[in-house]
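Subject: Model for your files, with notes

Hello,

Below is the model I said I would pass on. My notes on what was found in it follow directly after.

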Amino acid sequence: MKLILSYLKHYKLLVLLNIISVFGFALVELGIPTIMAKIIDNGIATNNTTYIYQMGIVMAVISVVGVLGTILLGYCSSKISSSITRDIRNDIFRKVQDFSHSEYDAFGVSSMITRTTNDAFQILQFTNTLLRTALLTPIMFLVSLVMIVKTSLALSGVLAITVPFIILGVIVIAKLSGPLSETQQKRLDKLNRISRENLTGIRVIRAFGNDDHENERFAHTNEDYAGVSKKLHKLMAASQPTFFFLLNLAIIAIFWVSSQMINVGILQVGELVAFIEYLFHAMFSIMLFSMVFIMYPKAQVSANRIQELLNAKPLIVSPENGVKETKEQGLVEFDHVTFTYPDGEEPVLRDISFTAKKGQTVAFIGSTGSGKSTLINLIPRFYDVTEGSIKIDGVDVRDYDLKILRNKIGFIPQKTRLFTGTIANNIKFGKKDATQEEIKHSTKVAQAYPFIKRKPKQFEEPISEGGANMSGGQKQRLSIARAVVRKPEIYIFDDSFSALDFKTDATLRAKLKEETEESVVLIVAQRIGSILEADKIIVLNEGEVVGIGTHSELLNTCQIYNEIALSQLTKEELMQ
Ligand SMILES: Nc1ncnc2c1ncn2[C@@H]1O[C@H](COP(=O)(O)OP(=O)(O)OP(=O)(O)O)[C@@H](O)[C@H]1O
């Protein structure tokens, strides 16, 4: 409720209109039975046609007001509920943009998608019902109650017996549906996670012939979700017939009592008609209001999940008055850096120190899992160091304005990611205002130009979701061009040449060398051939630096480097 109220605040005028329209609607619903009773008892019973005409006109006017009220109510409630849901989705999206990698790891991408879509939809449905009924039904119920008692105190006893049963039923349903809704949303998270994993990994699944196993896994999770949804719907389905059963019982009891009252002349037929109408309104109000209660636990679960996301404090934030300018340019320093992942127990990097200067290429090599990617992820602050510090141009990365820090870096990640759009759009991702000439130049450096030229639409060639219509090597070259176009102070290549053939790899490195003379270049590599000419090679083993030097120095001083080199190069290549 807190979440909804905090968003409702922005639509005060519409909420006011909503309240006014509620009164319009209530006026009709409650005014018409009284007029009808008067027409029957004073008009029809006494054959007074003038009275019937007069009251007919009053009834018509009230009906018009009611219709207008109903239309306005529908308009306001739909507009408010869809607007606040849109705001919630926007806020979630903005928040998620600020998340560091730790929050992504903690929430999980699928759960964040479910929260933005399904949970937000639950809020939309609940708010709509709330705005339509929450105010209207108590008014209708109270006024109906007064009219019922006023019409016939004796008949009101029937209502006094029935209402507690209905209220009890509503409470039971609300209590039962809460935990079921929570389980339902969690299972939907799981279902989305499996769908996402399957759809993105379809090639691997097919290649390994795991289709049946995956189908079974999906069917099982789907069954779990359907199971809990069925339980929830059964509960809801049982509530309506039970309510109508109670209402019919009450009406039978009223007819039985009222027929005797009419016989002895203490009740008129018109009063009976009005009484039943009011009774119907009173009971119907309870039923409508009960919908709010029944929907509440489900909306509460969704609101909590959304609030949890909105309240999450990103571990990595831009400091207030972060550094925007530096005197020096082109210096990266690691000073006794130790790092443990937020959910990890052991450090994956221990006491790492080195420097990299403008014009230098520093490469990182080591067995898989030795911490190479982790190390370079600390530079743009995807994670913060646990101990020690990383300085760029003499300033601790944690003291920079985050945007300024990241603007200094051209990052080419291990897993290349292209976005739906065109080749040009994807390169402009590195520099929004890049000219056609700059785009062309960057693709020439990245060795992407030859294949782009062969595409029918060249730079306007569409890129499908995740870059599925590009080969692995083409994707790598485009993501290198995306970094080159911004002419960054620091290039970070995380195993970014792995999908290139040897010839392209060599030409690209030669071109890059010319391009990066004024920058620091950091390269994570698996292939020793890609880093032979690096000014400094840092050998990592189980998170520790076990060697620093040039290729020829390390061959003599670092056994691990020697082993890697021997496993990849011939003796002749090694001697060159
Ligand atoms: N998000 C994460 N949360 C927890 N542990 C992680 C995370 N990412 C990586 N690790 C762990 O940190 C260690 C170093 O991983 P990292 O990816 O840095 O190695 P790497 O040297 O780049 O490996 P590769 O050459 O295979 O890419 C590994 O043991 C890995 O399991």
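I begin with a detail of the backbone: D393 has a positive phi near 50° and sits in the hairpin of β4 and β5, where two residues lie between the strands. Helices (H or I, at least four residues) and strands (E, at least two) are DSSP runs, numbered from the N terminus.

Two points on the basis of these notes. This is a predicted model, in which local features need pLDDT of at least 70 and side-chain atom pairs count only at pLDDT 80 or more, while totals for chains, interfaces and linings use all residues. Residue numbers start from 1 along each chain as its sequence is written.

The sheet with the hairpin

β4 and β5 (residues 395-396) are antiparallel and share two bridges; two strands pair if DSSP finds at least two bridges between them. I392 is opposite V395 of β5, and K391 has D396 as its bridge partner in that strand. I392 also faces V332, which stands opposite it. That second pairing is between β1 (residues 331-339) and β4 (residues 387-392), antiparallel over five bridges. The open sheet they belong to has four strands in the order β2-β1-β4-β5, with antiparallel pairing. Its edge strands are β2 (349-357) and β5, each of which pairs on one side only.

The six-stranded sheet

The other open sheet to mention has six strands, ordered β6-β9-β10-β3-β11-β12, and its pairing is mixed. At the edges are β6 (409-412) and β12 (544-549), each paired on one side only. On average, neighbouring strands of this sheet are turned by 15° against each other, direction ignored. Here and below, axes are lines fitted to C-alpha atoms, for helices over the stretch in contact, and angles run from 0 to 180 degrees between N-to-C directions. β6 runs parallel to β9 (residues 490-494), joined by four bridges, and I412 is opposite F493 of β9. Helix α16 (residues 472-484) packs on the sheet and touches β6 and β9, its direction making about 175° with that of β6. Contact between two residues requires their C-beta atoms, placed from the backbone, to lie within 7 Å.

A helix pair

α5 (residues 109-134) and α10 (residues 269-311) pack at an angle of about 145°, with their axes 8 Å apart. Their crossing is left-handed, that is, the near helix is turned anticlockwise from the far one by less than a right angle; clockwise would be right-handed. Among the residues that meet are R115, D119 and F126 in α5, and M295, K298 and R305 in α10. The residues of this contact divide into 15 nonpolar, five polar and four charged. In this count Ala, Val, Leu, Ile, Met, Phe, Trp, Tyr, Cys and Pro are nonpolar, Asp, Glu, Lys and Arg are charged, and the others, Gly among them, are polar.

The ligand

The ligand is surrounded by 13 residues, the closest being Y341, T368, K372, S373 and T374; a residue is near a molecule or strand if its C-beta atom, placed from the backbone, lies within 6 Å of it. Helix α11 (residues 372-377) gives the largest share of this shell, three residues. By class, the shell has two nonpolar, eight polar and three charged residues.

Annotations

UniProt positions are in the numbering used here, with feature names shortened, and annotations may be inferred rather than shown by experiment. The unreviewed UniProt entry places "domain: ABC transmembrane type-1" at residues 16-298, a span of 94% helix and 0% strand whose end C-alpha atoms lie 26 Å apart. It also places "domain: ABC transporter" at residues 332-567; this span is 33% helix and 26% strand, with end C-alpha atoms 31 Å apart. "Transmembrane region" is annotated in the unreviewed entry for several spans, including residues 12-32 and 155-177. Residues 12-32 are 100% helix, with end C-alpha atoms 31 Å apart. Residues 155-177 are also 100% helix, and their end C-alpha atoms lie 34 Å apart.

Regards
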